[in-house]
Structure formats: structure tokens, C-alpha cells
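Visitor: Could you walk me through this protein in plain words? I would like to start with the metal site and then wander a bit.

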Amino acid sequence: MTDSLQSATTNGAGADIDSAETSEWLEAVDAVVEHDGPDRARQILAQAVQRAQLAGSGPIASITTPYVNTIPVEREAKLPSDPAIERRLRSIIRWNAMAMVVRANKTSSELGGHIASFQSLATLYEVGFNHFWHAPSDEHGGDLVYFQGHSSPGNYARAFLEGRLTQEQLDGFRQEVSSPGGLSSYPHPWLMPEFWQFPTVSLGIGAITSIYQARFMKYLQARGIAETDGRKVWAFIGDGEVDEPETLGSIGMAGREHLDNLIWVVNCNLQRLDGPVRGNGKIIQELEADFRGAGWNVIKVIWGTRWDPLLAEDHDGRLVKVMEECVDGEYQTFKSRDGAYVREYFFGRDPVLLERVSHMSDEEIWLLNRGGLDQQKVYAAYHEAVRHTGQPTVILAKTIKGYGMGVSGEGQMITHQAKKMTEDALLAFRDRFELPLSDDQVRAAEFYKPPDDSPEMQFLRERRAALGGSLPVRRTKSDPLEVPPLETFKGQLDGSGEREISTTMAFVRVLAALLRDKQLGPHVVPIVPDESRTFGMEGMFRQVGIYSPLGQLYQPQDSAQLMFYKEDKHGQILEEGITEAGSTSSFIAAGTSYSAHGVPMIPFYIYYSMFGYQRVGDLVWAAADSRTRGFMLGGTAGRTTLNGEGLQHEDGHSHVLFSVVPNVRAYDPAFGYEVAVIIQDGLRRMVAEQEDVFYYLTLMNENYHHPAMPDGAQEGILRGMYLLRASELSSDGGPRVQLLGSGTILTEVLAAAELLESDWGVAADVWSVTSFTELRRNGIQAERWNMLHPLEEPRRAYVAEQLDGRDGPVIASTDYIRAFADQIRQWVPNRYRVLGTDGFGRSDFRRALRRFFEVDRHYVVVAALKELAVQGTIDTARVKEAIDRYEIDVEAPMPTTV
Ligand SMILES: Cc1ncc(C[n+]2csc(CCOP(=O)(O)OP(=O)(O)O)c2C)c(N)n1
Ligand SMILES: [Mg+2]
């Protein structure tokens with residue numbers, strides 16, 4: 001046993017008071033290892049440690065191991081191919097990936113791109129491509145690989161050799177508009193739907209979504225919906241990326257759920273964009289502790305094969321000691337210099353070591369390689385990772401950022417953003433990787449594709465054929481499912497009768513009906529972040545069960561009750577606990593199951609709306625990019641409708657946030673039948689027609705009567721507005737207004753219509769606006785078409801069409817900020833006034849809040865009278881009368897200021 005191991009395992013124990021005794025113990029350990037193996041040593045030591053701890057020693061031993069490879073040389077599985085061919089193939093891919101970026105930036109650096117990251121990753125990718133990653137085929141469902149976003153040139157370079165991309169396409173890197181078939185900067189399924197599967201470039205997103213993907217595959221298997229056993233999820237994570245909370249935030253779940261179908265490879269090139277990841281420490285050791293603590297199998301791949309003899313000779317532990325003493329900042333610097341520097345500043349830390357390497361030339365010292373850049377070491381690690389059961393595996397691979405870039409970036413602080421290479425660096429790159437290119441070809445950064453019958457190309461084809469085809473590859477459609485007809489939700493279409501219910505209750509009934517549907521039911525995935533009871537969904541616990549890979553190992557406290565808390569191996573609900581990011585990741589996994597697993601699943605992810613988009617906006621964007629299909633439901637929405645919870649809970653803007661996502665269809669329904677119509681049509685579009693859209697619905701917790709669906713309302717509900725109440729007052733010359741409302745505020749608007757008629761003799765038509773956002777999209781489309789087709793019959797926005805011929809000013813009131821209803825302004829043919837809940841929320845009775853935010857029935861009346869007065873239809877004095885009558889405080893502060 002080495003000194004260094006001693007130092008690593010006696011952290012903080014102080015000076016050694018009896019080194020002879022220590023040596024005896026260590027020799028005893030050595031003897032056990034020699035005779036009975038390391039497992040036996042661990043067994044004995046674990047008991048010894050426990051004994052000491054029980055005696056009050058306090059914590060002993062860290063959960064890190066020495067700073068060497070986890071897999072000892074004698075246990076390494078050997079690379080089964082010709083190492084030279086494999087290296088040559090990788091070198092060509094390295095070259096083409098670099099050339100793509102260099103060529104794109106020849107004229108100007110406007111297009112950008114990254115060279116250094118892929119150069120550090122190339123071995124980690126290529127060993128996977130050549131030996132481990134299955135494409136979907138008849139024999140295998142396919143592995144899912146989350147590639148690092150900004151290393152996309154590496155994927156394109158391989159696809160070029162595989163004949164999937166042309167040289168023109170490589171030259172169209174980052175020119176997707178002007179160059180047909182141009183390649184997207186990063187992995188974007190939206191832009192390259194048959195190629196990229198997972199958007200990963202927003203750092204942390206690939207990490208968390210890969211965990212929930214692996215978990216979702218276990219879920220599909222457990223429920224008997226898809227055969228996912230034997231398929232793996234691989235994710236490539238940057239060592240800088242681990243600082244994102246999304247990266248490490250869910251690793252505990254992966255450990256807890258024993259996701260042995262998950263393999264992460266953290267590319268520890270020791271650098272991020274600005275500089276070192278942990279200049280003053282060691283990222284690999286830090287991560288080892290994090291992951292092991294979270295229940296992962298950790299494989300460190302630190303040193304390459306050329307270190308093996310030195311480590312084998314290190315009987316006194318001096319080499320490992322120096323390895324442990326050096327911090328990452330130094331390791332980075334070593335690889336930006338040369339062999340002489342490494343000799344002096346690494347080995348030179350210990351005169352004995354210096355002597356030990358005296359027979360080596362500077363060149364040989366320089367060639368001492370890092371594990372993550374050594375195909376043999378990487379192969380051995382992957383080989384163990386895919387065979388490991390019961391835990392997820394993380395491979396911590398030490399590499400060099402900008403490997404091969406020499407003076408243009410190798411190990412340099414600036415390397416991340418280097419897009420150009422000097423001529424010397426290009427020539428050196430060619431020489432180092434032995435590429436058969438002339439100096440002129442090098443200077444022009446020409447792409448290189450070896451002849452089809454060359455050993456490299458044969459090897460490439462053979463390996464991918466053996467593994468089922470090319471990767472990444474994305475399936476765009478699955479077999480559709482039949483969607484139940486609208487009548488299935490008859491209960492909602494007929495109204496609530498005498499009962500007062502909320503739209504949340506209406507939704508839960510729609511969901512329950514769907515779960516009962518023989519064909520569609522099993523494909524429904526309810527997802528909740530610890531809010532089921534908030535939404536009245538606890539009845540489903542018993543009905544369909546909560547998924548747990550362990551089943552239920554305890555008798556639930558409420559077992560005597562009908563609706564007890566039932567965890568089940570085959571459970572259907574994903575009860576995620578308090579993680580909106582995790583839940584959204586499950587939403588993405590389920591909503592892209594049609595693509596990743598060929599089985600459509602329909603997520604209904606319901607959460608507190610305030611903790612939705614604004615908390616996980618980037619994941620929502622990733623969901624959109626991924627072409628996720630499903631429903632997000634912002635529960636207890638509305639700034640005044642969720643009334644007691646106050647500022648951090650009351651959502652008055654999520655609709656505005658969702659309006660920016662192009663493929664989201666967002667609705668703010670007020671009645672159960674609207675909810676039913678929207679969901680049924682959503683299912684038709686997403687599950688039957690397989691459109692790549694997803695839905696956002698706000699749901700409220702206020703109870704009121706829901707009428708039956710008016711005849712002919714369906715189209716308007718879906719397009720965004722329909723006439724709910726036509727005034728019975730004759731409008732012959734008399735004042736008339738058009739009132740718009742959505743969500744629960746529609747009930748205030750309806751009350752305002754009554755007041756306008758009874759108190760002021762004003763006829764009021766009321767429109768239910770289910771989606772200001774859809775109306776705006778439609779308006780913009782018409783407007784654009786008209787601009788581009790000046791000689792043709794102009795198209796009309798749906799809003800304009802609906803309000804056509806309807807007299808009077810238009811007043812809108814909603815539970816969202818004014819920007820929401822303002823979206824349709826340019827297509828409203830008459831005067832248009834919008835009321836909204838701009839400002840911070842606060843707690844009080846709904847009535848008080850609606851008065852405070854100036855969206856209640858009285859404000860609607862005052863706004864309507866004011867507009868009629870401006871228009872000259874009524875006397876202005878009537879407005880003042882209304883203000884007095886409803887006791888409106890005209891000196892109250894603007895809600896946005898308090
Ligand atoms: C959320 C997010 N923040 C910032 C960036 C910009 N960015 C792209 S790569 C990068 C550095 C990545 O470092 P690391 O994770 O170590 O990856 P490496 O390139 O070293 O492999 C940064 C800051 C981003 N893409 N996403
Ligand atoms: Mg890095």
C-alpha cells in the first residue's frame with residue numbers, strides 16, 4: 001500500500017505518531033491483497049473501520065480513491081480491433097471536424113464554432129462509435145447518446161465519412177438559411193429532425209434529461225409498454241458543465257433508482273470557457289466523491305497506457321503522491337508546454353522520481369498520455385460500464401482541451417473559443433496525426449475522405465454495420481393511436497349542473513376518462529411534482545398507482561382508506577417529488593417516446609403554474625426543440641384566482657412566457673367543456689396526426705357553475721374565441737359593448753355584462769377568449785400574407801372576422817398582465833381597452849385582489865362606459881357616476897408600483 005493511499009484515507013488524522021506500527025498495518029493489507037485479492041481487503045478494512053467508528057473515531061476515510069485509474073491494468077479488457085487503424089480513422093475525423101470550423105471562419109469569424117472541445121473528446125466518442133453504441137435495428141432497440149452540444153463538428157465529421165453528409169453540407173456548417181442542407185450549430189432536433197435526437201447545448205440540460213430518459217425507459221419496461229432492457233443511455237458532460245445545478249441536481253435519483261442503463265462520461269479536460277474548472281483542486285476527485293455519495297459506480301480514467309510501467313514500479317508511492325499533490329491548474333499548464341517542462345515541474349517535485357525518469361527522453365515524457373485520450377483505457381472503461389449492474393456508471397476521463405492544436409490552443413486558456421489555426425499549427429496537426437495531405441491541402445484546410453476500400457473506411461463501415469447502422473439518428477413518427485371522440489367527455493360538455501367546480505376538477509375528470517380508455521389509457525403518463533393533493537388527483541394514486549421500481553416495501557399509513565398512497569412496480573403516475581426540473585425532464589422523455597422508443601406516450605404534467613416556465617424555461621425550450629408532444633398544465637393559475645398564497649405563487653404572466661415558444665399551443669380555458677375540447681383536439685393533433693406541437697393549459701381552483709357547451713362553439717374554442725353571450729337588449733342606436741374574458745375572470749366579465757345592462761342600459765356581448773396567443777398567431781399570419789400578396793384578396797384575422805359588424809368598443813379583462821390580451825390589438829376593429837394584473841401578487845380574498853388589480857366586474861363596467869364616452873355614445877358624467885356608485889378609489893396607487 002502506498003503512502004499516498006495512506007494520506008488519502010487518513011484525512012485530517014494529524015501526524016503519524018508511530019510509523020513502524022503504521023507500516024505493519026500496511027504490510028498486512030498488502031499481504032491480504034496479494035493472497036486473497038482486493039475484495040477481501042475491502043471486506044476486512046470495512047469491518048475495521050466500523051469498529052473504530054463505533055469506538056468513537058468519527059468519520060474515517062473519504063469516499064475518494066487515489067488519483068489513479070479505477071481499473072487496474074490486469075483487469076482491463078483489451079481493445080478488440082487493430083489499434084493503428086482505429087487511430088488513423090479517429091485522426092481523419094479529428095482533421096475534418098477541425099477543418100469545418102476553420103473553413104467556416106476563413107472569411108470572417110462571424111459564424112463561430114468550436115475546435116478544442118471535440119479534440120479533447122474524440123477518443124471518447126470514437127471508441128463508443130466503433131464498439132459500443134447500437135443504432136436501432138431489428139436486433140436492438142438502439143442506445144441513446146446525448147452528445148456534447150458544442151462538439152457537433154465531431155459528429156458531422158463522422159457522418160461525412162459514413163456518407164450521410166456531403167462536403168457541401170459540411171461547408172454549410174452554421175449556414176442553415178443560405179445554404180440548403182446546411183448544418184445546425186448544435187444538436188437541434190427541430191432543425192435536423194432525422195439526425196439529432198437530444199438538444200444538449202444549453203449546459204446541464206443534456207445531463208438532467210438523460211437521467212430522466214434512463215428512468216423513463218425503466219418505467220416503460222416495468223409497465224410492459226416497450227422492451228427497453230439492454231438499451232443504454234449515454235451522456236457526455238463537460239467538467240465545467242457540472243457546475244450547473246441541473247447537472248448534479250438529480251444524480252441522487254439515478255443512484256436511488258439503480259439506473260444501470262445510464263452511463264455518463266465526464267470529459268475532464270480541466271478547462272471550461274474562461275479558464276480552469278478547478279485550478280486549485282482536482283475536479284476528478286471532487287466528482288468521484290459526489291457521484292459515489294449519490295450511489296453511482298465511478299470509473300476514473302486518468303492515466304494512459306504509457307504511464308503503466310511507471311505506476312507498476314511505484315512501490316514506494318512517490319509517483320502517486322506527486323500525482324495527488326499537483327492541482328488541475330498545473331496539469332493544464334504541463335500540457336501546454338513540453339517534455340522538459342513536465343520533467344522539471346512534475347517529476348522534479350521529488351528527486352527520486354526525477355532519477356526514475358532519467359532514462360526517458362523529453363519526447364518520451366511528453367508522450368506520457370492521459371487516460372481519456374487512450375483508446376485502450378477508454379475501451380476498458382466502457383467495457384466495464386456496460387456490464388455493471390445495479391448502479392448508474394460515471395466515467396471520469398482525464399483529457400486535454402485542444403488536444404492536437406499545438407500553438408493554436410492545446411491546453412491554453414483561450415482554447416475554447418479558438419476558431420482558427422495558424423498555418424504552422426495546421427501543418428503540425430497533419431504531422432502529429434499522420435494525415436496524408438500535402439502542404440497546400442493543409443493550408444486550404446481541405447476535407448479528407450480516404451478511398452472506400454481503405455482499411456479505415458472498411459473498419460468504419462464494418463463496425464457500424466455490426467452495431468446496427470449510423471448514429472445519431474432520429475425517428476420522426478411512430479404508429480399513431482386512436483383518439484377517443486369528444487363524447488367521451490360528455491360530463492364536461494353538459495356543464496356542471498347545480499354543482500360548482502373548478503377547471504382543475506374538470507381537467508382531472510377528463511384525465512380520469514382518458515385513463516379508462518382501453519387503447520389510449522395505458523399511454524397516458526400523469527406527472528406531478530408533489531402536488532397531486534393540491535389538484536385533487538389523489539384518487540389516482542390507488543386507481544393507477546405511483547411508479548416505484550421497488551414497489552411498496554411498507555404498509556402505507558392510510559392503507560385502510562379507499563384511495564391510499566399506493567406505490568407500485570407497475571404504477572403509471574410519475575410522482576417526481578419536489579423537482580420541477582426533473583418533472584419537466586420526464587415530460588420530455590415521455591413526450592418524445594414516439595421518437596426514442598417508437599411508442600407514443602402522452603404526458604400530462606401538472607404543476608403550480610408559477611413554478612413552471614419561469615423556473616425551468618430552458619427545459620421548456622428544450623422540450624420544444626425536441627418536438628415533445630404532450631400537455632403541460634399550469635395549475636392554480638391566475639394572479640388573483642390563487643389568492644391566499646401571495647407574491648411568489650400567483651401567476652399572472654406564464655401565458656406571456658409560453659407565447660414565445662413557437663410550437664406551443666397555449667390556452668386559458670374558463671369552462672369544463674373548453675378544457676375537454678382543447679384536450680381532445682390536442683390528442684388528435686399530437687397522437688393521431690403526429691404534429692410536433694405541445695400544449696399549455698392554465699387551470700384554476702375557483703369553483704363556479706360551468707354551463708353546457710353552446711352549439712357551434714367548438715371551432716372558436718380551438719381558434720381562440722367564440723361568442724358566449726349575445727345581449728338580448730336591442731341595440732338600435734343604443735350603446736353596446738363587446739366584452740372579452742378568459743379563465744376565471746370570464747365570470748367577472750359575465751357579471752359586468754349584467755351590470756351594464758341592468759344599471760346602465762348598455763347592451764353587452766360576451767366572448768370567451770380561450771387563447772389570445774393563438775389569435776395573435778393567426779393575425780400575424782394574415783398580415784404577413786397580405787403584405788406579400790398585395791394584389792390578391794386580403795385575408796382576415798380571425799379576431800377581425802369575429803368582431804366584424806359587432807358594435808361598440810371592446811374591453812378585455814384577464815387574470816394575466818395586460819401584455820397577454822394586448823396581443824390582438826391590431827386586429828380589433830373597434831376601440832380596444834385591456835385590463836390586466838400587472839404587478840406583484842399578494843394575498844387576500846379574490847374579491848379584494850380583483851379590485852386591487854382593477855380587473856373585477858366594476859372595473860370592466862367603468863372601462864366600458866369610459867370607452868363609450870370617448871366614442872361619444874354616452875355622456876362622460878356617466879363614467880364618474882359609475883366610479884362613485886362602485887366606490888372605486890381613484891387615488892389608489894397603480895398596482896405595479898406597490
Ligand atoms: C447554460 C449555458 N451557459 C453557458 C453556455 C456557454 N458555454 C458553452 S461551452 C462553455 C464551456 C464549457 O466547458 P465544459 O463543460 O468544461 O466543456 P468543454 O468544452 O471543456 O468540454 C460555455 C460556458 C452554454 N452553452 N450553456
Ligand atoms: Mg471542460
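**The metal site and beyond**

Guide: The magnesium ion (ligand 2) has as its protein donors D239 (OD), N269 (OD1) and Q271 (O), which lie 2.0 to 2.2 Å from it; donors here are N, O and S atoms within 2.8 Å of the metal (3.2 Å for Na, K and Ca), and water is not among the atoms, so sites may look incomplete. Please keep in mind that this is a predicted model, in which local features need pLDDT of at least 70 and side-chain atom pairs count only at pLDDT 80 or more, while totals for chains, interfaces and linings use all residues. Residues are numbered from 1 along each chain as its sequence is written, chains are lettered from A and ligands numbered from 1 in the order in which they are written, and side-chain values use heavy atoms, with hydrogens and water left out.

Visitor: What spacing do the donors of the magnesium ion follow along the chain?

Guide: The donors of that ion follow the spacing D-x29-N-x1-Q. D239 and Q271 are 32 residues apart and link distant parts of the chain, with D239 in the loop between strand 2 (233-238) and helix 9 (245-248), and Q271 in the loop between strand 3 (262-268) and helix 11 (283-293). Helices (H or I, at least four residues) and strands (E, at least two) are DSSP runs, numbered from the N terminus.

Visitor: And are D239 and Q271 buried or exposed?

Guide: Both D239 and Q271 are buried, where buried means under 20% relative accessible area, exposed means over 50%, and partly exposed is in between (1.4 Å probe, protein chains only).

Visitor: What about L270, what is its phi like?

Guide: L270 has a positive phi of about 70° although it is not a glycine, and this residue sits in the loop between strand 3 and helix 11. It counts as buried because its relative accessibility is 0%. For background, most residues other than glycine have a negative phi, and most peptide bonds are trans.

Visitor: OK, and where is R174, which also isn't a glycine?

Guide: R174 lies in the loop between helix 7 (167-171) and helix 8 (205-222), and its phi is positive, at about 65°. With a relative accessible area of 17%, R174 is buried.

Visitor: You mentioned trans peptide bonds, so which residues does a cis peptide bond join?

Guide: A cis peptide bond joins L471 and P472, with omega at about -5°. P472 is found in the loop between helix 21 (455-466) and helix 22 (490-493).

Visitor: Switching topic, how many salt bridges does the count come to?

Guide: The count comes to 56 salt bridges, a salt bridge being a side-chain nitrogen of Lys or Arg within 4 Å of a carboxyl oxygen of Asp or Glu. One of them is between the side chains of R343 and D362, at 2.8 Å from N to O. Since R343 lies in helix 15 (residues 339-345) and D362 in helix 17 (residues 362-366), the pair ties together parts that are 19 residues apart in sequence.

Visitor: Is R343 buried or exposed, and what does D362 count as?

Guide: R343 is buried, with a relative accessible area of 18%, whereas D362 counts as partly exposed at 35% relative accessibility.

Visitor: Which salt bridge does E774 form?

Guide: E774 forms a salt bridge with R777, and their closest N and O atoms are 2.9 Å apart. These two residues are three apart in helix 32 (residues 772-788), so they are separated by about one helical turn. E774 is buried, with a relative accessible area of 12%, while R777 counts as partly exposed at 22% relative accessibility.

Visitor: Which residues are linked in a network of salt bridges?

Guide: D314, D316, R318, D350 and R356 are linked in such a network.

Visitor: Last topic, which residues make the nonpolar surface patch?

Guide: L550, L553 and Y554 make a nonpolar surface patch of about 340 Å². Patches are made of residues with over 30% relative accessible area and no salt bridge, where like charges are joined within 9 Å and nonpolar side chains (Val, Leu, Ile, Met, Phe, Trp, Tyr) within 5 Å. Accessible areas come from the Shrake-Rupley method with a 1.4 Å probe, and for residues only the protein chains shown count as cover. L550 lies in the loop between strand 7 (546-547) and strand 8 (567-568), and at 46% relative accessibility L550 counts as partly exposed.
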